[in-house]
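User: I have a structure in front of me and want to go through parts of it. Can we take it in short questions and answers?

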Amino acid sequence: MKHFMFKSCIVTMLCVFCSLSASAEGKFVLFKYGNFDTWVTRQIHESSVIGGSKKTLYEIGPNRALTGNNPYVNLGGSPWGTSNVMAKVSGITKTNNSVYRDNRGSGHCVKMTTHIETCKVLGLINIKVLAAGSIFLGDMKEPITGTKEGPKALNFGIPFTLRPKALRFDYRVQVPGNANRIRQTGFSAVTTVPGKDYCVALLLLQKRHEDAKGNITAQRVGTVVVKYGKSTNGWVEDATYEIHYGNITGKPFYDASTMGLRSTDYARNSKGKSVLMKETGWADADAKPTHIILQFSSSHGGAYVGTVGNTFWVDNVGLVY
């Protein structure tokens, strides 16, 4: 890995975390903006050819109101990216908003939904796409210029060199509980995807390496994956999940479909280029990570796959040491 990436780890860790408190299990460290009480709002004017609507996009960061169709860059040192995005394809500006600021008590939380995004061009073309709500540590490069460019715009994960014991957060889930999911891309017929939909929380610790050509590979250091398939009766507070270090393929809880090594995520290398990041193996259980991936999503199964109505609320996200 390039030297600057290791140097930035120290700076990033100091900026990413804020609130610190003691508990019986250890110290709980809240991610910066992880209480979701402050938000950036963006007022985007979609192109007149698709209706010219004014849309509000929500981003996790300091209280700030932005206007104008400008590409978004994380503000206030926020480590959080979202699936809310502005796209500009063939000169047409369109937005997707599936992550929202929601009220919780005297503050706020994050609400992620799976819904159908519609795009009508002069009443002649009606495209409907299934979109899930997601937040993650990292950022998104805007504007998106095409459906194939979306995954490459995502910079997944941030520098991180600590070894926490657990992931902790509050959550609430509302799911229809359909037996199967759908796949709706907008360019082909709606198809059925076997299996029920889940909201998902995923944390990966990685030891990354960048070669001279800018390719990024990684070894998996730590893993947490939790699926939520049933609605909750209100909020579940202080949900705490142990981080499992090293090779977990022989553990009884291991699920290869959700916990296996990944090769579909993109990250930005030291040259500023988005490259496919491939996990090549499992690190030793005592290895020190270089990066952390953390994602919450209202659906699982990949792009355009899910169940309309799946909703995932999250609040007070942090790590236990």
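The turns below go through two sheets and three residues of this predicted model.

User: Let us start with the sheet of order 4-3-5. Which strands stand at its edges?
Analyst: This is an open sheet of 3 strands with mixed pairing. An edge strand has a single partner strand, so one side of it is left without a neighbour in the sheet. The strands that fit are strand 4 (54-60) and strand 5 (64-67).

User: By how many degrees are neighbouring strands of this sheet turned against each other on average?
Analyst: The sheet has the order 4-3-5. The average ignores direction and is taken over neighbouring strands. The value is 20 degrees.

User: How many bridges join strand 3 to strand 4?
Analyst: Strand 3 covers residues 39-45. Strand 3 and strand 4 run antiparallel. The number of bridges between them is 7.

User: Which residue in strand 4 is the bridge partner of arginine 42?
Analyst: Arginine 42 lies in strand 3. Strand 3 is joined to strand 4 by bridges. Opposite arginine 42, the bridge partner is leucine 57.

User: Is arginine 42 buried or exposed?
Analyst: The relative accessible area of arginine 42 is 2%. The cut-off for buried is under 20%. Because 2% falls under that limit, arginine 42 counts as buried.

User: Which side chain joins that of arginine 42 in a polar contact of 2.7 Å?
Analyst: Arginine 42 touches several residues beyond four places in sequence, among them Leu66, Asn70, Tyr72, Met86 and Glu142. The arginine 42 side chain reaches the backbone oxygen of asparagine 70 at 3.2 Å. The side-chain partner at 2.7 Å is glutamate 142.

User: Now the sheet of order 18-17-26. Which strands are its edge strands?
Analyst: This open sheet has 3 strands with antiparallel pairing. An edge strand here pairs on one side only. The two are strand 18 (191-193) and strand 26 (305-306).

User: Which residue in strand 26 stands opposite isoleucine 182?
Analyst: Strand 17 spans residues 181-183. Strand 17 is joined to strand 26 by 2 bridges, and the two run antiparallel. Opposite isoleucine 182 stands glycine 306.

User: On to aspartate 102. Why does aspartate 102 count as partly exposed?
Analyst: Aspartate 102 lies in strand 9 (residues 99-104). Buried means under 20% and exposed means over 50%, with partly exposed in between. Aspartate 102 counts as partly exposed because its relative accessibility is 22%.

User: With which side chain does the side chain of aspartate 102 make a polar contact?
Analyst: Leaving aside neighbours within four places in sequence, aspartate 102 is in contact with Gly107, His108, Cys109, Lys111 and Trp313. The polar contact is at 2.8 Å. The partner is tryptophan 313.

User: How many Å apart in space are aspartate 102 and phenylalanine 36?
Analyst: In sequence, these two are 66 residues apart. In space, the distance runs C-alpha to C-alpha. It comes to 9.1 Å.

User: Last, serine 297. Which backbone oxygen does the side chain of serine 297 reach at 2.9 Å?
Analyst: Serine 297 sits in strand 25 (residues 291-297). Serine 297 is buried, with a relative accessible area of 10%. The serine 297 side chain reaches the backbone oxygen of glycine 133 at 3.5 Å. The backbone oxygen reached at 2.9 Å is that of serine 299.

How values were computed. Residues numbered from 1 in each chain as written. Predicted model: local features only at pLDDT ≥ 70, side-chain atom pairs only at ≥ 80, totals over all residues. Heavy atoms only, no water. Pairing = 2+ DSSP bridges. Helix = DSSP H or I, 4+ residues; strand = E, 2+ residues; numbered from the N terminus. Buried < 20%, exposed > 50% of the residue type's maximum accessible area, 1.4 Å probe, protein only. Contact = heavy atoms within 4.5 Å. Polar contact = N/O pair within 3.5 Å; in protein donor to acceptor, adjacent residues only side chain to side chain. Axes fitted to C-alpha atoms, helices over the stretch in contact; angles between N-to-C directions.
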